[in-house]
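Me: Could you help me learn to read a protein structure, one feature at a time? I would like the general idea and then the case in front of us.

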Amino acid sequence: MKVVADVCVTPLTLNDSMAEAIAQCQIIFAKHQLKHNLHACGTNLEGEWDTVMTAIKECHQTLHARGIAKISSAIKISTRSDHKPHSIDRKIASVRELV
């Protein structure tokens, strides 16, 4: 099942900038060949359900392996079962057409 997800992976035991941890997750999303768009409060992901979940799990595993003891992720997932293609671009375009 194809999904569009919004994920915010937050290291909770990090004293400095989160940029390095976020960059690690961006690398993981690219490795899994997920369409991903970084935004100010997280990342939009597009791909198959299992691939998206595997990539998020790998973010946690990678950050833990880098010494971050506590991580929290907020995830929103959108799916469709009708004939319209489900994509980040289509969701954004449908709103922009109305502005």
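Me: Which residues does Cys-8 touch, not counting residues up to four places away in sequence?

Reply: This is a predicted model, and in it Cys-8 touches Cys-41, Gly-42, Ser-72, Ser-73 and Ala-74. Cys-8 belongs to strand β1, and the residue opposite Cys-8 in β4 is Ala-74. For contrast, look at Ala-55: it lies 47 residues from Cys-8 along the chain, and the two C-alpha atoms are separated by 13 Å.

Me: Is Cys-8 buried, exposed or partly exposed?

Reply: Cys-8 is partly exposed, because its relative accessible area is 27%, and that class lies between the cut-offs of 20% and 50%. The strand around Cys-8 is a good comparison to look at next. Seven of the ten residues of β1 are buried, so β1 is largely enclosed by the rest of the structure.

Me: How do strands come together, and in what order do they lie here?

Reply: Strands of a sheet pair through backbone hydrogen bonds, either parallel or antiparallel. Here four strands make an open sheet in the order β2-β3-β1-β4, with antiparallel pairing. The edge strands, β2 (35-39) and β4 (71-78), each pair on one side only. From one strand to the next, the twist averages 20°.

Me: How many bridges join β1 to β3, and how many join β1 to β4?

Reply: Between β1 and β3 there are six bridges, and these strands run antiparallel. To trace this pair, find Lys-2, whose bridge partner in β3 is Glu-48, and then Asp-6, which stands opposite Asn-44 in β3. On the other side, β1 and β4 pair in the antiparallel sense over eight bridges. There you can find Val-9 opposite Ser-73 in β4.

Me: What joins β2 to β3?

Reply: A hairpin does, passing through two residues. The two strands run antiparallel and are joined by five bridges; one pairing to look for is His-39 with Gly-42 in β3. Five of the seven residues of β3 are buried, so β3 is largely enclosed by the rest of the structure.

Me: Now the helices. Which strands does α3 touch?

Reply: Helix α3 (residues 88-96) packs on the sheet and touches β1, β2, β3 (42-48) and β4. The direction of α3 makes about 120° with that of β3.

Me: What should I look for along a helix?

Reply: An α-helix has 3.6 residues a turn, so residues three or four places apart point the same way. In α1, the buried residues are Ala-21, Gln-24, Cys-25, Gln-26, Ile-28 and Phe-29. These buried residues of α1 pack against β1, β2, β3 and α2. You can also check the length: at 1.5 Å a residue, the 13 residues of α1 should span 18 Å, and the end C-alpha atoms are 18 Å apart, which agrees. After α1 comes Gln-33, whose phi is positive, near 60°.

Me: Which residues have the most contacts inside the largest nonpolar core?

Reply: In soluble globular proteins, nonpolar side chains tend to be buried together. The largest nonpolar core here has 17 residues, and Phe-29, Leu-45, Val-52 and Leu-63 have the most contacts inside it. At least two residues of this core come from each of β1 (2-11), α1 (19-31) and α2 (49-65). The largest share, five residues, comes from α2.

Me: What is Leu-45 in contact with, leaving aside its neighbours within four places in sequence?

Reply: Among the contacts of Leu-45 are Val-3, Val-7, Phe-29, Leu-34, Val-52, Ile-56 and Ile-88. Lys-35 and His-36 are also in contact with Leu-45.

Me: Let's finish with His-86. Where is His-86, and is this residue buried or exposed?

Reply: His-86 sits in the loop between β4 and α3. Its relative accessibility is 8%, so His-86 counts as buried, the cut-off being under 20%.

Me: What does the side chain of His-86 reach?

Reply: The side chain of His-86 reaches the backbone oxygen of Ser-78 at 2.9 Å. Leaving aside neighbours within four places in sequence, His-86 is in contact with residues including Lys-2, Val-3, Glu-46, Ser-78 and Lys-91.

Methods:
Residues numbered from 1 in each chain as written. Predicted model: local features only at pLDDT ≥ 70, side-chain atom pairs only at ≥ 80, totals over all residues. Heavy atoms only, no water. Core = buried A, V, L, I, M, F, W, Y, C linked by side-chain atoms within 4.5 Å. Buried < 20%, exposed > 50% of the residue type's maximum accessible area, 1.4 Å probe, protein only. Contact = heavy atoms within 4.5 Å. Pairing = 2+ DSSP bridges. Axes fitted to C-alpha atoms, helices over the stretch in contact; angles between N-to-C directions. Expected span 1.5 Å × (residues − 1). Polar contact = N/O pair within 3.5 Å; in protein donor to acceptor, adjacent residues only side chain to side chain.
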